[in-house]
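Biologist: I'd like to learn how to read a model like this one. Could you take me through a few features?

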Amino acid sequence: MEFIDVLTRNQSMIAGGCLAIIVILYIAKRLFLVRLRAQMQQQDSEHSHFYQVLILALNAPLNLTILTILLWLIRYGVTITGALAKEDTEILGHVIQAMVIITLILFVERWITYAIKVYASRSPLLNNTRSIASGAIRALLIGLCVLLVLGSLGISVTPLIASLGITSLAVALALQPTLENFFSGVQIIIDK
């Protein structure tokens, strides 16, 4: 009975510590973004675009980073207390690896998307092809993220890549006239 009380007390202390750390991290995130906004307002227009893109790109990845830290703390806490079996903590470790990959890819995707959006007003070429470029970059990064996450989970992605290559070749041959018209339209938009 005393062992169960000690185990319950340790688990509640770990849960309280995790909650306190997460609250502190959310407050630090908020203060960091407020500081970046203040820095953006003090800079000239060239550097303010950089800070604007950085602020827009960091919000969601920082939330995922805090969630990843929470999962890591939970994994560490259950490892110490022995509340879960070793196989379950390994699964949690794979989830943490996947979250790190998703966070990094999300940051890169948001950085590029918001940079295109912010800098499109400066370049007519970029303004005309903004949606095409953003969509292509987003699709490429989502595909890369899926492959990296599957690879980190121990799933072999080589057969998947080979089948995607063969499938894309078949689709490209079937849609050759449509793709030709699409790329011709993009070329006309670029050259005006």
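Biologist: Let's start with Arg 138: is Arg 138 buried or exposed, or something in between?

Modeller: Keep in mind that this is a predicted model. Arg 138 has a relative accessible area of 37%, so the residue is partly exposed, since that class runs between 20% and 50%. Its partner is a different story: Glu 109 comes out at 11%, under the 20% cut-off, and therefore counts as buried.

Biologist: Partner in what sense? What does Glu 109 form with Arg 138?

Modeller: A salt bridge, with 2.8 Å between the closest N and O atoms. The two residues sit 29 apart and link distant parts of the chain: Glu 109 belongs to helix α3 (residues 86–119) and Arg 138 to helix α5 (residues 130–152).

Biologist: How many salt bridges does a search of the whole structure find?

Modeller: One.

Biologist: And how far should I trust the model there? Where in the protein is confidence highest, and where is it lowest?

Modeller: Helix α5 has the highest confidence, with a mean pLDDT of 86, while helix α4 (residues 124–128) has the lowest, at 70. Across the protein the average is 80, and 89% of the residues score at least 70.

Biologist: Next, aromatic pairs. How do I read one?

Modeller: You describe two aromatic rings by the distance of their centres and the angle of their planes. This structure holds three such pairs. One of them is Trp 72 with Tyr 76, which is stacked: the centres are 5.6 Å apart and the planes make an angle of 10°.

Biologist: Why are Trp 72 and Tyr 76 separated by about one helical turn?

Modeller: Because they are four residues apart in helix α2 (residues 45–81). Both are partly exposed, Trp 72 at a relative accessible area of 45% and Tyr 76 at 48%.

Another pair, Phe 182 with Phe 183, is edge-to-face, at 5.2 Å centre to centre and 70° between the planes. Phe 182 is partly exposed at 41% relative accessibility, whereas Phe 183 reaches 53% and counts as exposed.

Biologist: Which residues form the nonpolar patch on the surface?

Modeller: That same Phe pair is in it, along with Ile 132, Val 171, Leu 175, Leu 179 and Ile 189, with about 570 Å² of accessible area together. Helix α7 (residues 176–191) gives the largest share, four residues.

Biologist: And where is the place of Leu 175?

Modeller: In the loop between α6 (158–174) and α7. Leu 175 is partly exposed, at 37% relative accessibility.

Methods
Residues numbered from 1 in each chain as written. Predicted model: local features only at pLDDT ≥ 70, side-chain atom pairs only at ≥ 80, totals over all residues. Heavy atoms only, no water. Patch = residues over 30% accessible without salt bridge, like charges linked within 9 Å, V, L, I, M, F, W, Y side chains within 5 Å. Areas by Shrake-Rupley, 256 points an atom, 1.4 Å probe, with all protein chains shown as cover. Salt bridge = Lys/Arg side-chain N within 4 Å of Asp/Glu carboxyl O. Buried < 20%, exposed > 50% of the residue type's maximum accessible area, 1.4 Å probe, protein only. pLDDT = per-residue confidence, 0-100. Phe/Tyr/Trp six-rings, centres within 6.5 Å; stacked < 30°, edge-to-face > 60°.
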